[in-house]
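Subject: Structure for you to look at

Dear colleague,

Please find the structure below. My notes on it come after.

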Amino acid sequence: MSTMTIAPHAPARGVTQAPHPCCVWCGGPAQPVGSRLAVCAACGAASTYPPPDEQELLAAYARWYRPAGGRFAGCGDGLLRRSRATLAGRLDRLAPPGPVLDVGCGDGALLDALHARGRAACGLERTATRPDVRASELTAFEERAGEWAAIAFWHSLEHLRQPAAALDRACMLLAPRGLLVVAMPNWASWQARTLGERWLALDLPRHLVHLPASALIGGLRERGLEIGRVSYWRGGQVVFGWLHGLVGRLPGHPDLYDAIRQPDARQAQLGSGARLATLGAGVALAPAAFALAAAEVAARTSGTVYVEAWRP
Ligand SMILES: [Zn+2]
């Protein structure tokens, strides 16, 4: 992966240089590339390097990241809730009887959809905002080993400081024939390689590990799980990854992700004229993004991978 379009390593100013970059996925030695990554020759994963300290992470998860009033303009939040309802339906159909654990549950949309189906469900987050959410790391979550019918890492594994240890813990917690579901950005995708450090799903410094789909699937197999469905068809995310990257290549590097968010949910202030121009560029470039996404999905190397794995 060191061939991707990222310049040689130059430590970010004001960031303390960690002494020896180690792959946070397999523990092997990693080689610094770009401004904030170290790539592992053994497994192909990239680690965010130097890793952010707690202060930097707190700032990165500031109020704008997920404000109470919602994140996206128009019907965006509604579409997100519908996609969680679809996932809840699939988990409820496939998993054996028992509770579901949602690691990195965000605002609890998946929990709500599971409860609506009569499934017991509990979430883990950085802060507990409701009774069915615990402020706990999965590695410190001691409850009911072997009794969880399903565990979901829905775009959360990449946020964890110890993703490999979290997966170990998830395997212990799963019931026999329990279902593990992981959705995350695919570091081996064409969009990751093409867009380099401007790839939306790199999301530094919040994403701490960047896995090629093969490393994720290999890690699940190494832990004795049986791989079920592997899908690269996450329509909206794959198209938007390309669209955001194409718009970001225009002069001034407009940020389409900020432009589709509600004012309180933007990382930077955005005037209405600039916002309209950014949205207009998004509309103009949409056909190209659709074409690139379709090719990527067809080649099974798209920007997002979804894996279902079973405990024997
Ligand atoms: Zn590695």
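What follows is a walk through the sheets, the helices packed on them, the cores and a few backbone details.

Please keep in mind that this is a predicted model.

Overall content

The protein has 9 helices and 11 strands. It has 312 residues, and 41% of them count as buried. Of the contacts between residues at least 6 apart in sequence, 70% join residues at least 24 apart.

The sheet of 7 strands

One open sheet is built from 7 strands in the order β6-β5-β4-β7-β8-β11-β10, and its pairing is mixed. Its edge strands are β6 (133-135) and β10 (226-231), each of which pairs on one side only. On average, neighbouring strands here are turned by 20 degrees against each other, direction ignored.

Within this sheet, β4 (residues 100-103) and β5 (residues 121-125) are paired in the parallel sense, over 4 bridges. One of the bridge partners can be named: Val-100 is matched with Ala-121 in β5.

Two helices lie across parts of this sheet. Helix α3 (residues 109-116) crosses β4, β5 and β7 (148-154), and its direction is at about 175 degrees to β5. Helix α4 (residues 163-173) lies across β4, β7 and β8 (174-185), at about 150 degrees to β8.

Which residues of α4 are buried? They are Pro-163, Ala-164, Ala-166, Leu-167, Arg-169, Ala-170 and Leu-173. The elements that cover them include β4, β7 and β8, and also β9 (209-210) and α6 (213-222).

The sheet of 4 strands

A second open sheet has 4 strands in the order β1-β2-β3-β9, with antiparallel pairing. β1 (30-33) and β9 are at its edges with a single partner strand each, so one side of each has no neighbour in the sheet. β3 and β9 run antiparallel and are joined by 2 bridges. Across this pair, Ser-47 stands opposite Val-209 in β9.

Cores

The largest nonpolar core contains 72 residues. Those with the most contacts inside this core are Trp-25, Ala-45, Leu-91, Leu-110, Ala-150, Ile-151 and Ala-152. Another core, of 14 residues, lies apart from it, and among its members are Val-238, Phe-240, Val-247 and Ala-293.

To return to Ala-45: what is in contact with this residue, leaving aside its neighbours within four places in sequence? The contacts are Cys-23, Trp-25, Cys-26, Cys-40, Trp-187, Val-209, His-210, Leu-211, Pro-212 and Ala-215.

Helix α9

α9 (272-298) has 27 residues and spans 37 Å from its first C-alpha to its last, close to the 39 Å expected at 1.5 Å a residue. There is nevertheless a bend of about 50 degrees at Leu-285, and a proline, Pro-287, follows within four residues. Leu-285 is also among the buried residues of α9, together with Arg-275, Thr-278, Ala-289, Leu-292, Ala-293 and Glu-296. Ala-293 belongs to the core of 14 residues mentioned above.

After α9 comes Arg-300, in the loop between this helix and β11 (304-310). Arg-300 is not a glycine, yet its phi is positive, about 55 degrees. Is Arg-300 buried, or partly exposed? Arg-300 counts as partly exposed, because 14 C-beta neighbours lie inside 10 Å and 20 or more would be needed for it to be buried.

Other backbone details

The loop between α5 (190-195) and β9 holds two further items, Pro-205 and Asp-203. The peptide bond joining Leu-204 and Pro-205 is cis, with omega about 0 degrees. Asp-203 has a positive phi of about 45 degrees although it is not a glycine. Asp-203 has 17 C-beta neighbours inside 10 Å and therefore counts as partly exposed.

A cis peptide bond also runs from Tyr-49 to Pro-50, with omega near 0 degrees. Pro-50 sits in the loop between β3 (46-48) and α1 (54-60).

Regards

Definitions and conventions. Residues numbered from 1 in each chain as written. Predicted model: local features only at pLDDT ≥ 70, side-chain atom pairs only at ≥ 80, totals over all residues. Pairing = 2+ DSSP bridges. Axes fitted to C-alpha atoms, helices over the stretch in contact; angles between N-to-C directions. Contact = placed C-beta atoms within 7 Å. Buried ≥ 20, exposed ≤ 12 C-beta atoms within 10 Å, placed from the backbone. Core = buried A, V, L, I, M, F, W, Y, C linked by C-beta atoms within 7 Å. Expected span 1.5 Å × (residues − 1). Bend = angle between axes of the 7 residues up to and from the residue.
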